[in-house]
Each structure stands twice: as C-alpha cells, then as structure tokens.
Amino acid sequence: MNGRSLLLLHCLVTLGSPALLQGEDIPAFKGSIQRLDPALDALIAPEVEIEVLASGFNWSEGPTWFGDRILFSDVPENTVYQWKEGDTTASEFLKPSGLTGPPTSDRPQGSNGLAVTASGELILCQHGDRRVAKLTNEGDFTTLADRFEGHRFNSPNDVVIAQDGTLFFTDPPYGLVGLNESPQREADFNGVYRVSPDGEVQAIIRDLTFPNGIALSPDEKTLYVAVSDPEDGHIRSYTLDPKTGIASAPRRLFEAESLKKFGNLPGSFDGMAVSQKRHIWTTAPGGVIILTPEGRHLGSILTGQRTGNCTFGGPDGSDLYITADMFLLRVRTLTQGLIQGRSTK
C-alpha cells in the first residue's frame with residue numbers, strides 16, 4: 001500500500017484504544033519452544049524465546065502483515081487491532097470489522113481471517129456479515145463473495161490470496177449458534193471456495209467437516225487446509241489445477257493423534273503460514289507446530305493457550321506473529337515466510 005492510501009486508512013479509523021484487559025486481569029504468559037528434530041535449529045535459533053507484544057484481547061485471530069505493521073482480529077469484539085515495532089501495546093485499527101449492519105446470523109461476530117492483496121488492499125473474512133469483503137481507501141467495504149448458488153455462506157473464516165488475485169477461503173459454521181444445526185445455516189456443506197479475479201465463486205472442496213486455516217505452497221500448486229474437527233483434527237494438502245482451480249489428490253499430512261503423546265494440549269488445528277522453503281507452520285493443540293512439506297513434525301512453539309493463527313511478517317519476512325487467545329506473540333526465525341501482498345518472484 002502506498003503512503004497516501006495508508007494515511008487515508010489511518011484517518012478513517014480510531015487509534016490508541018487500550019487492550020480489553022489490563023494489569024492484574026491478564027495472566028502471566030508461559031511458553032517454550034519444543035525441539036523434536038535437529039532440523040529445527042536451522043529454522044529457529046536455540047537461544048530464541050517467545051515475545052509477548054500485546055495482551056488482553058477476547059479472542060485474537062487472523063494476523064496479516066500490512067505495510068509496516070501486523071494487523072489482527074479480535075473476533076468477538078468486532079475489531080481489527082494493529083501493532084508495529086516500537087509500540088508498547090496494540091491499538092484499534094478498524095471497528096466495526098466484520099459485523100457492519102444488522103446481524104445476519106444468531107451469533108454476530110467481527111472479522112476473522114485477514115489478507116492483503118498485491119496492491120495493498122485489506123481483505124477480511126467477515127463472520128457477522130457472512131461474506132468476504134475488501135476495505136476501500138474510503139473506509140467502506142466492497143463485497144467480494146457472500147453467496148454460492150443463492151445460499152449465504154456460513155461464516156467465512158480464513159483466506160489466502162494467489163499471486164494473480166484469486167482468493168481461496170474456508171467456510172465452517174463457527175459463526176452460527178448450534179453450528180451445523182443452526183436454523184440460519186443455508187449451505188448444506190462446510191466448503192472451501194475459490195473466487196477468481198473476475199468474481200466467479202467456485203466450491204472446490206465440499207467434504208470436510210470443519211475446514212479452518214488455509215494456505216498455499218510457494219509455487220501455488222498445493223493448497224493446505226487445517227481441519228479443526230474435535231473428533232478428527234488434521235492437516236490436508238490438495239493439488240490445484242492451475243487453469244480450473246479444482247482441488248484433487250487430497251492427502252492427510254498430519255494427524256491430531258500424533259500430539260496425544262504430549263498430553264492434553266489446549267486448542268485445535270486452525271490457521272497456518274508457509275515459509276519460502278515450504279515448511280508449514282500451523283496452529284495445533286499446544287500452540288504452533290512446524291512441519292516439513294512431507295508432514296514430519298520438527299518441533300512446536302508451545303504457547304499454553306488455545307492458539308488461533310500465525311503469519312510471517314517484518315522487514316525481511318522472518319518474524320512469525322502468533323495470535324494465542326488473549327495474546328499477540330512473536331518468534332524470530334531463521335527462515336522467510338510467504339507474505340500476502342508481497343511478490344515471491
């Protein structure tokens with residue numbers, strides 16, 4: 001985003017709001033990095049610790065790198081927050097973020113997943129409005145997708161953008177009371193969708209129970225989807241047809257069962273990020289796990305919290321930002337991630 005556009009956005013939002021909880025209301029953060037394979041040392045230096053950048057949120061989610069700062073959603077509070085180097089806490093960037101009019105569901109909530117286009121525009125999965133939308137420089141929202149075959153989406157959750165502007169997003173029922181049993185649910189499946197640059201909406205995956213986090217490989221030939229089903233949590237990969245966008249050859253890369261040996265860890269599979277070397281950094285029970293492209297578990301960033309999402313950012317793309325319940329965290333890495341809106345060519 002250019003300086004003029006960023007200035008326009010800043011004039012349209014309220015800045016400087018404090019975190020929702022303060023002082024004694026916020027529990028002390030206790031986290032650690034678990035090393036299961038020597039290969040992790042090439043990705044996270046042995047001396048690195050988890051940094052707490054801000055805290056006190058209701059449920060932090062959907063981080064994305066935006067110019068010189070990290071943006072993230074507080075879903076129940078209908079707010080997008082921002083943090084940049086030098087800030088002592090996060091400040092309000094956008095409110096309302098995902099419920100902008102009369103509620104369209106029985107569980108009205110704000111934005112969840114965020115992404116940035118190549119031209120610097122902010123894309124939001126809006127739980128409350130049940131759509132994927134773009135924030136304009138004037139501070140309005142433009143709907144990119146809100147229906148498929150005449151039916152409203154459940155509650156768009158997470159989104160990733162290909163280099164040509166194609167959007168891929170997940171649509172579980174978490175924004176509806178009763179989930180699949182909600183009377184306000186219109187779709188008969190929890191889908192993964194593709195929105196072409198000309199606005200055509202296509203359901204490319206229909207058979208997942210609770211599709212959640214989503215990411216693309218560096219060559220954009222592979223789509224990764226996190227399934228947050230409490231009975232069958234796992235990470236899947238799909239081969240994408242470059243012309244039709246059809247997802248095929250599903251493969252289960254990693255299973256929740258593999259984490260049970262570490263005890264009863266909080267959370268589930270949720271958001272994810274991919275590095276330029278194709279390592280998958282995905283939230284999971286316990287925090288964030290780091291996987292090879294083949295699904296080998298190299299280690300974990302243990303947050304001790306239910307952990308919603310993660311993304312790469314920073315000047316060189318090597319900082320991993322993590323939203324974990326009420327915390328915004330950072331881990332400095334030795335790798336570089338794929339950053340939305342930043343070319344990899």
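Phenylalanine 57 is buried, and phenylalanine 72 is buried as well. The model described here is a predicted one. This report takes up the aromatic contacts of these residues, and then two of the sheets.

**Aromatic contacts**

Phenylalanine 57 and phenylalanine 72 form an edge-to-face aromatic pair, with 5.0 Å from centre to centre and 85 degrees between the planes. This pair links distant parts of the chain: phenylalanine 57 lies in the loop between S2 and strand S3 (60–66), whereas phenylalanine 72 belongs to strand S4 (residues 69–74), and the two are 15 residues apart.

Phenylalanine 72 also pairs with tyrosine 81; their ring centres are 5.9 Å apart and their planes stand at 25 degrees, so this pair is stacked. The relative accessibility of phenylalanine 72 is 0%, and the residue therefore counts as buried, the cut-off being under 20%. Tyrosine 81 is likewise buried, with a relative accessible area of 3%.

The two pairs that involve phenylalanine 72 are set out below.

| Aromatic pair | Centre to centre | Angle between planes | Geometry |
|---|---|---|---|
| Phenylalanine 57 and phenylalanine 72 | 5.0 Å | 85 degrees | edge-to-face |
| Phenylalanine 72 and tyrosine 81 | 5.9 Å | 25 degrees | stacked |

The count of aromatic pairs in the model comes to 14. One aromatic cluster is formed by Phe148, Phe153, Phe169, Phe189 and Tyr193.

**The sheet containing S2**

Strand S2, which precedes the loop holding phenylalanine 57, belongs to an open sheet of four strands with the order S2-S27-S26-S25 and antiparallel pairing. Strand S2 (51–55) and strand S25 (307–313) each have a single partner strand and stand at the edges, so one side of each is left without a neighbour in the sheet. With direction ignored, neighbouring strands of this sheet are turned by 20 degrees against each other on average.

At the S25 edge, six bridges join S25 to strand S26 (residues 319–324), and the two run antiparallel. Within this pairing, cysteine 310 stands opposite isoleucine 322 in S26.

**The sheet S7-S8-S9-S10**

Another open sheet has four strands in the order S7-S8-S9-S10, again with antiparallel pairing. Its edge strands are strand S7 (111–116) and strand S10 (141–145), each of which pairs on one side only. From one strand to the next, the twist averages 30 degrees.

Strand S9 (residues 131–135) pairs with S10 in the antiparallel sense over four bridges. Leucine 135 has phenylalanine 141, in S10, as its bridge partner.

Key. Residues are numbered from 1 along each chain as its sequence is written. This is a predicted model: local features need pLDDT of at least 70, side-chain atom pairs count only at pLDDT 80 or more; totals for chains, interfaces and linings use all residues. Side-chain values use heavy atoms; hydrogens and water are left out. Two strands pair if DSSP finds at least two bridges between them. Axes are lines fitted to C-alpha atoms, for helices over the stretch in contact, and angles run from 0 to 180 degrees between N-to-C directions. Rings of Phe, Tyr and Trp (its six-membered ring) pair if their centres lie within 6.5 Å; planes under 30 degrees apart count as stacked, over 60 as edge-to-face and the rest as tilted. Buried means under 20% relative accessible area, exposed over 50%, partly exposed in between (1.4 Å probe, protein chains only).
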